[in-house]
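Visitor: Before we begin, I would like to go through the labels attached to this model one by one and hear what each of them rests on.

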Amino acid sequence: MKTARITRLAALKRQVELQKWLGESSRLNAEITRLDERIEQVVVLKNVYDEQLRQPSLTAQELIGIRIVDSHLNDRRQIDQNRRELLRNERVRVAVMLAAKKNEVDSLKSEANQLKRAEAEERLEHQQSLMPARRV
């Protein structure tokens with residue numbers, strides 16, 4: 001028979017797992033935010049270099065340099081966008097996992113409380129059965 005103590009310990013163990021997954025979710029959110037900021041920075045840089053291309057009297061060397069930098073910026077933006085999409089998909093998967101873990105912890109806690117009440121009632125009944133009956 002399960003006891004309330006064992007169930008509470010199981011709930012605590014699941015609570016620790018839940019905290020681990022919450023930390024992972026937090027790291028994912030921070031990384032996605034960082035990637036969003038970097039993508040914005042790359043777009044700003046790309047706009048600055050595009051503006052440079054519109055300047056009159058560019059030398060061939062400057063044009064080639066700007067095109068190379070522009071190519072690298074496009075690659076960086078594409079890599080960051082792909083990584084962000086992967087992390088967003090992972091965040092959805094972790095959110096589902098968090099919900100499942102939270103439900104498991106809640107159900108174990110409620111089960112532990114029910115068992116604790118049942119054990120208290122059993123103890124009370126046992127104590128009352130040991131008491132001598134009143135004489136009338």
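**Labels and their grounds**

Guide: Let us begin with a pair of charged side chains, K101 and E17, which form a salt bridge whose closest N and O atoms are 2.9 Å apart. The pair links distant parts of the chain, since K101 belongs to helix α2 and E17 to helix α1, with their positions 84 residues apart in sequence. Please keep in mind throughout that this is a predicted model.

Visitor: What makes the contact of K101 with E17 a salt bridge?

Guide: The term requires a side-chain nitrogen of Lys or Arg within 4 Å of a carboxyl oxygen of Asp or Glu. For K101 and E17 the closest N and O atoms lie 2.9 Å apart, so the pair satisfies that criterion. Behind the term is the general point that side chains of opposite charge can pair when their charged atoms come close.

Visitor: Why is K101 called buried, and why is E17 called partly exposed?

Guide: Buried means under 20% relative accessible area, exposed means over 50%, and partly exposed is what falls in between. K101 has a relative accessible area of 16%, and therefore counts as buried. E17, at 23%, falls between the two cut-offs and so counts as partly exposed.

Visitor: How many salt bridges does a search of the whole structure find?

Guide: The search finds 15 salt bridges. Among them is one between the side chains of R27 and E24, at 2.9 Å from N to O, and another between D106 and K102, at 3.6 Å from N to O.

Visitor: How do you know that R27 and E24 are separated by about one helical turn?

Guide: R27 and E24 are three residues apart in helix α1, which means that about one helical turn separates them. R27 is called exposed because its relative accessibility is 52%, set against a cut-off of over 50%. E24 has a relative accessible area of 25% and is therefore partly exposed.

Visitor: What separates D106 and K102 in helix α2?

Guide: D106 and K102 are four residues apart in helix α2, so they too are separated by about one helical turn. D106 is partly exposed because its relative accessible area is 37%, and K102, with 43%, is partly exposed on the corresponding ground. Elsewhere, salt bridges that share partners join D36, R84, E85 and R88 into one network.

Visitor: Why does E31 count as buried, and which residues does E31 touch?

Guide: E31, which is found in helix α1, has 18% relative accessibility and therefore counts as buried, the cut-off being under 20%. Not counting residues up to four places away in sequence, E31 touches R83 and L87. The C-alpha atoms of E31 and R88 are separated by 9.9 Å, although these residues are 57 apart along the chain.

Visitor: Why does S25 count as buried, and what is S25 in contact with?

Guide: S25 lies in helix α1, and its relative accessibility of 14% is under 20%, so it counts as buried. Once neighbours within four places in sequence are set aside, S25 is in contact with V94 and L98.

Visitor: Why is D70 counted as buried, and where is D70 found?

Guide: D70 is found in helix α2, which runs over residues 60-130. Its relative accessibility is 9%, and D70 is therefore buried. Leaving aside neighbours within four places in sequence, D70 is in contact with K46 and D50. From D70 to R117 the C-alpha distance is 69 Å, with the two residues 47 apart in sequence.

Visitor: What makes S57 count as exposed, and what is its phi?

Guide: S57 is placed in the loop between α1 and α2, and because its relative accessibility is 73%, it counts as exposed. S57 has a positive phi of about 60° although it is not a glycine. Most residues other than glycine have a negative phi.

Visitor: Which residues form the positive surface patch?

Guide: The positive surface patch is formed by R5, R8, K116 and R123. Helices α1 (4-53) and α2 are the elements that give two or more residues to the patch. R123 has its place in helix α2.

Technical notes. Residues numbered from 1 in each chain as written. Predicted model: local features only at pLDDT ≥ 70, side-chain atom pairs only at ≥ 80, totals over all residues. Heavy atoms only, no water. Buried < 20%, exposed > 50% of the residue type's maximum accessible area, 1.4 Å probe, protein only. Contact = heavy atoms within 4.5 Å. Patch = residues over 30% accessible without salt bridge, like charges linked within 9 Å, V, L, I, M, F, W, Y side chains within 5 Å. Areas by Shrake-Rupley, 256 points an atom, 1.4 Å probe, with all protein chains shown as cover. Lys, Arg positive; Asp, Glu negative; His and termini not counted. Charge placed at Lys NZ, Arg CZ, Asp CG, Glu CD.
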